[in-house]
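Take a look at the model below. Then follow the chain step by step, from its strands to its charged pairs and its ligand.

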Amino acid sequence: MSIKQNIENIRNRIKVAAGKAGRDPDSIRLMAVTKTVPVEMIKEAVAAGLADLGESKVQEAMKKSPCLGPGAGIKWHMIGHLQTNKVRQALELFDEIHSVDSLKLAQEIHKRSQEKDRRTPVYIEVNVSGEGTKYGISPGALPELLSQAGALPGLEVKGLMTMAPYSDDSEKARPHFRTLASLARGNGLKELSMGMSGDFEVAIEEGATIIRVGSALFEGFYY
Ligand SMILES: *Cc1c(COP(=O)(O)O)cnc(C)c1O
C-alpha cells in the first residue's frame, strides 16, 4: 500500500466515523505524525494533500522542517513533552503546541511568544486515564491552569489534548475521550486533539476535531 492509498483509506474511515456521529467530516483535521519517518515519506504525504504534521521532539523537527521547505502551507504541531528550556527553539519550528501540561510551560510559551510578537495556539494536555506513565495534568487541576493560562496573551488555549492508554480494543478508549470532551465543553473550549491509529474512529465519534495518526499512515516506515 502506498502512503497515498493509506491516506485515502483513513479519509474514508474518518467519513464513516463522522457519519455515525452525525458530524461533518470536514470538521476533523488529520494530522500526520511523522516521528521517525524519513523526509522522503513525509514529502509523499504532503504531496498527497496532508498539511498538518506532528513531531514529538524539537531536535527531530529541527532536522526535518528545513527539508520540506517554506511556503508549502505546512503546519507543524508539537505533540510531545516540552521542556521549558526548549520553548524558544520550539517556537521557531512549531505553529501549535498540543502538550502544555504546566503553568511554568505556559508562562514560558507566553514570554517567548511575546518576544516574537505572536500568539501561539496551544492545547492543554490532560491525563484523563490517570496512568502514571502519561504526561498531562489531572482533570482536577485543569480549571486553575485554564484560568491562569487564559490570562497570558502570548498564547491562545484552543482546546484539550489527551492520549488514551494503549489497548487492542479501541472501545476501551471511549470513556477517556468522552471525559475529555466533557471537560472541554464545561470550559468553553472547542478543539479536541485526540485519537491515534488504533482509536481515531472512537475519538471522532466522541468529538475529536484533530486526530494524530502515525503508524496507520506510514506503516512499515514507522518506528
Ligand atoms: C506517536 C504519537 C501519535 C501517533 O501514534 P500512532 O498510534 O502511530 O498513530 C499520536 N500522538 C502522540 C502524542 C504520539 O506521540
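A residue counts as buried when its relative accessible area is under 20%, as exposed when that area is over 50%, and as partly exposed in between, using a 1.4 Å probe and the protein chains only. The model is predicted, so local features need pLDDT of at least 70, side-chain atom pairs count only at pLDDT 80 or more, and totals for chains, interfaces and linings use all residues. Residues are numbered from 1 along each chain as its sequence is written, and side-chain values use heavy atoms, with hydrogens and water left out.

Start with the strands. Helices (H or I, at least four residues) and strands (E, at least two) are DSSP runs, numbered from the N terminus. Two strands pair if DSSP finds at least two bridges between them. β3 and β4 do so over two bridges, in the parallel sense. Within this pairing, His-77 stands opposite Glu-96 of β4. To get from β3 to β4, the chain passes through helix α4 (residues 87-93), and this β-α-β crossover is right-handed. Right-handed has a set meaning here: with the strands pointing away from the viewer, the path from the first strand over the helix to the second runs clockwise.

Move on to the next strand. β4 is joined to strand β5 (residues 120-125) by two bridges, and the two run parallel. Ile-97 has Val-122 of β5 as its bridge partner. Val-100 stands opposite Ile-124 in β5. Together with helix α5 (residues 103-115), β4 and β5 make a right-handed β-α-β unit.

Then comes strand β6 (residues 155-161). Six bridges join β5 to β6, and these strands run parallel. Here Glu-125 stands opposite Met-161 of β6. Helix α6 (residues 142-150) completes a right-handed β-α-β unit with β5 and β6.

How covered are these strands? In β4, five of the five residues are buried, which leaves the strand mostly covered. In β5, six of the six residues are buried, so the rest of the structure largely encloses this strand. In a regular strand, side chains alternate between the two faces of the sheet. Both faces of β5 are covered. Thr-120, Val-122 and Ile-124 are buried on one side, and Pro-121, Tyr-123 and Glu-125 are buried on the other.

Now turn to charge. Side chains of opposite charge can pair when their charged atoms come close. A salt bridge is a side-chain nitrogen of Lys or Arg within 4 Å of a carboxyl oxygen of Asp or Glu. The structure holds 16 of them. One of these joins Lys-75 to Glu-96, with N and O 3.3 Å apart. Lys-75 lies in strand β3 (residues 75-78) and Glu-96 in strand β4 (residues 96-100), so this salt bridge ties together parts that are 21 residues apart in sequence. Are the two partners buried or exposed? Lys-75 is partly exposed, at 30% relative accessibility. Glu-96 is buried, at 1%.

Other salt bridges form a network. Lys-20, Glu-171, Arg-174, Arg-178, Glu-205 and Glu-206 are linked in this way. Look at two of the pairs. In one, the closest N and O atoms of Glu-205 and Arg-174 are 2.9 Å apart. This pair links helix α8 (residues 200-205), which holds Glu-205, with helix α7 (residues 174-186), which holds Arg-174, across 31 residues. Glu-205 is partly exposed, at 21% relative accessibility, while Arg-174 is buried, at 15%.

In the other pair, Arg-178 meets Glu-206, with 2.9 Å from N to O. Arg-178 is in helix α7 and Glu-206 is in the loop between α8 and β8 (210-213), 28 residues apart. Arg-178 is partly exposed, at 48%, and Glu-206 is buried, at 12%.

Last, find the ligand. Which residues are closest to the ligand? Twelve residues surround the ligand (each with a heavy atom within 4 Å), and the closest are Lys-35, Ser-197, Arg-212, Gly-214 and Ser-215. A side-chain N or O atom of Lys-35 is 2.6 Å from a ligand oxygen. For Gly-214, a backbone N or O atom lies 2.8 Å from an oxygen atom of the ligand. Ser-215 has a side-chain N or O atom 2.8 Å from a ligand oxygen. Taken alone, the ligand exposes 390 Å², and the protein buries 91% of that. These accessible areas come from the Shrake-Rupley method with a 1.4 Å probe; for residues, only the protein chains shown count as cover.

Technical notes
A polar contact is a pair of N or O atoms within 3.5 Å; within protein, one must be able to donate a hydrogen and the other to accept it, and residues adjacent in sequence count only if both atoms are side-chain atoms.
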